[in-house]
Amino acid sequence: MKIVVCIKQVPDTKGGVKFNPDGTLDRAAMLAIMNPDDKAGLEAALRLKDQYGAEVTVLTMGLPKATDVLREAIAMGADKGILVTDRVLGGADTWATSTTIAGAVRNLEYDLIITGRQAIDGDTAQVGPQIAEHLGIPVISYAQDIKVDGDKVIVQRQYDDRYHVLEAQMPCLITALSELNVPRYMTPGGIFDACKAEITTWGRADLKDVEDCNLGLAGSPTKIAKASDKVRKGAGEKVTPDSPDDAVAYLIGKFKEKHVI
């Protein structure tokens, strides 16, 4: 079995978020981590590798420093890492990103593609299903459990307070929830291997069956109108009632004023 896991290097929001003048994220200036949903998808692939002897290839699109998350994935147990990077790919929205990744995946043999449900820097949950659409393969989203039965996958798909059990013929794409599992840690031997590993780098010329008009900022049908840091809330109104009864009366009055009751 051959598994491709799409991962993304995202800003570590604890370290602060910075923007370029055009409203896009200044990724080069921020601390970065592997997207949590993607790490759960990677762990799912590694468990399938442990069980069936699968080959796991991790693929990311980003700046050259995104090799850090590829090496982290290899240190966890992945076999190969591929970075897709090119200036013409910068500023891509979900459509241009999925077009790029699909163009890269067409170079690979795969039975299963696993992506995270969504990235914490966009929260759109669009890229995974869009990749499947570009490649013309089935997609099962919001996976909370994955099993393989011969040439099929059986997935529990999270749905409100219950789940659906869906079966799909491979090749197919699955988007993983962060709740799918608890990702393993890197091992000392894995870290050593990751430091020595050769990361494959692809650019625009390596993408199959894609047109320039669908790539990068110029090929993105959605544009950022405005971006800003989180607006801090004021201190609000502070009161010191003389008694519990006064406190209750004050709250009831405010609820009525706001039409809560």
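In the predicted model, Arg204 is in contact with Asp86, Val88, Val210, Glu211, Asp212 and Leu215, when neighbours within four places in sequence are left aside. Arg204 belongs to the loop that runs between β11 (200–202) and α6 (244–257). Its C-alpha atom is separated by 8.1 Å from that of Val84, although the two residues are 120 residues apart along the chain. Contacts between distant parts of the sequence are frequent in the protein chain: among contacts between residues at least 6 apart, 70% join residues at least 24 apart.

The protein chain has 261 residues, of which 39% count as buried. Its secondary structure consists of six helices and eleven strands. The C-alpha trace spans about 70 × 45 × 40 Å along its principal axes.

The largest nonpolar core holds 39 residues, and those that touch the most other members are Ile3, Val5, Ile7, Leu42, Val58, Leu112 and Val153. Two or more residues of this core come from each of β1, α1, β4, α2, β6 (112–116), β7 (139–149), β8 (152–159) and β10 (172–176). A second core, separate from this one, has 22 residues, including Ala102, Ala104, Leu135 and Ile137. The surroundings of Val58 can be listed in full. Not counting residues up to four places away in sequence, Val58 touches Val5, Ile7, Leu42, Leu70, Ala73, Ala78, Lys80, Gly81 and Ile82.

Two of the residues touched by Val58, Leu70 and Ala73, are among the buried residues of helix α2. This helix comprises residues 67–76 and is mostly covered, with eight of its ten residues buried. The buried set is made up of Thr67, Val69, Leu70, Glu72, Ala73, Ile74, Ala75 and Met76. Their cover includes the strands β2 (9–11), β3 (32–34), β4 and β5, together with the helices α1 (36–52) and α5 (188–196). Gly77, just after α2, takes a positive phi of about 140 degrees.

Helix α4 (residues 127–135) has Gly128, Gln130, Ile131, Ala132 and Leu135 as buried residues. In a helix of this kind, residues three or four places apart point the same way, because an α-helix has 3.6 residues a turn. The buried residues of α4 pack against α3 (94–105) and against the strands β1, β6, β7 and β10. One of these buried residues, Leu135, is also a member of the second core. After α4 comes Gly136, whose phi is positive and near 70 degrees.

The second largest pocket contains about 180 Å³ of space. Its lining consists of 15 residues, and Glu55, Thr57, Lys80, Ile82 and Leu108 lie nearest its centre. By residue type, the lining divides into six nonpolar, three polar and six charged residues. At least two lining residues are supplied by each of β1 (2–6), β4 (55–61) and β5 (80–84). Lys80 and Ile82, which lie in the group nearest the pocket centre, are also touched by Val58.

Arg117 is placed in the loop between β6 and α4. Its side chain is joined to that of Asp37 by a polar contact of 3.1 Å. Apart from neighbours within four places in sequence, Arg117 is in contact with Asp37, Ala125, Tyr142, Thr175, Ala176 and Leu177.

Tyr142, one of the residues in contact with Arg117, lies in strand β7. Although Tyr142 is not a glycine, its phi is positive, at about 55 degrees. The relative accessible area of Tyr142 is 28%, so this residue counts as partly exposed. A positive phi is also found in His259, a residue other than glycine, where the value is near 60 degrees. His259 is located in the segment after α6. With 70% relative accessibility, His259 counts as exposed.

A further backbone feature is the cis peptide bond that joins Met170 and Pro171, with omega at about 10 degrees. Pro171 lies in the loop between β9 (162–169) and β10.

Technical notes: Residues are numbered from 1 along each chain as its sequence is written. This is a predicted model: local features need pLDDT of at least 70, side-chain atom pairs count only at pLDDT 80 or more; totals for chains, interfaces and linings use all residues. Side-chain values use heavy atoms; hydrogens and water are left out. On a 1 Å grid over the protein atoms alone, a cavity is a set of points where a 1.4 Å probe fits but cannot get out, and a pocket is an open set with protein on both sides within 12 Å along at least five of seven lines; lining residues have an atom within 4 Å of a point. Grid points are joined across faces, edges and corners, and a volume is the space filled by probe spheres set on the points. Helices (H or I, at least four residues) and strands (E, at least two) are DSSP runs, numbered from the N terminus. Ala, Val, Leu, Ile, Met, Phe, Trp, Tyr, Cys and Pro count as nonpolar, Asp, Glu, Lys and Arg as charged, and the others, Gly among them, as polar. Buried means under 20% relative accessible area, exposed over 50%, partly exposed in between (1.4 Å probe, protein chains only). Contact means heavy atoms within 4.5 Å. A nonpolar core is a set of buried Ala, Val, Leu, Ile, Met, Phe, Trp, Tyr and Cys residues joined through side-chain atoms within 4.5 Å. A polar contact is a pair of N or O atoms within 3.5 Å; within protein, one must be able to donate a hydrogen and the other to accept it, and residues adjacent in sequence count only if both atoms are side-chain atoms.
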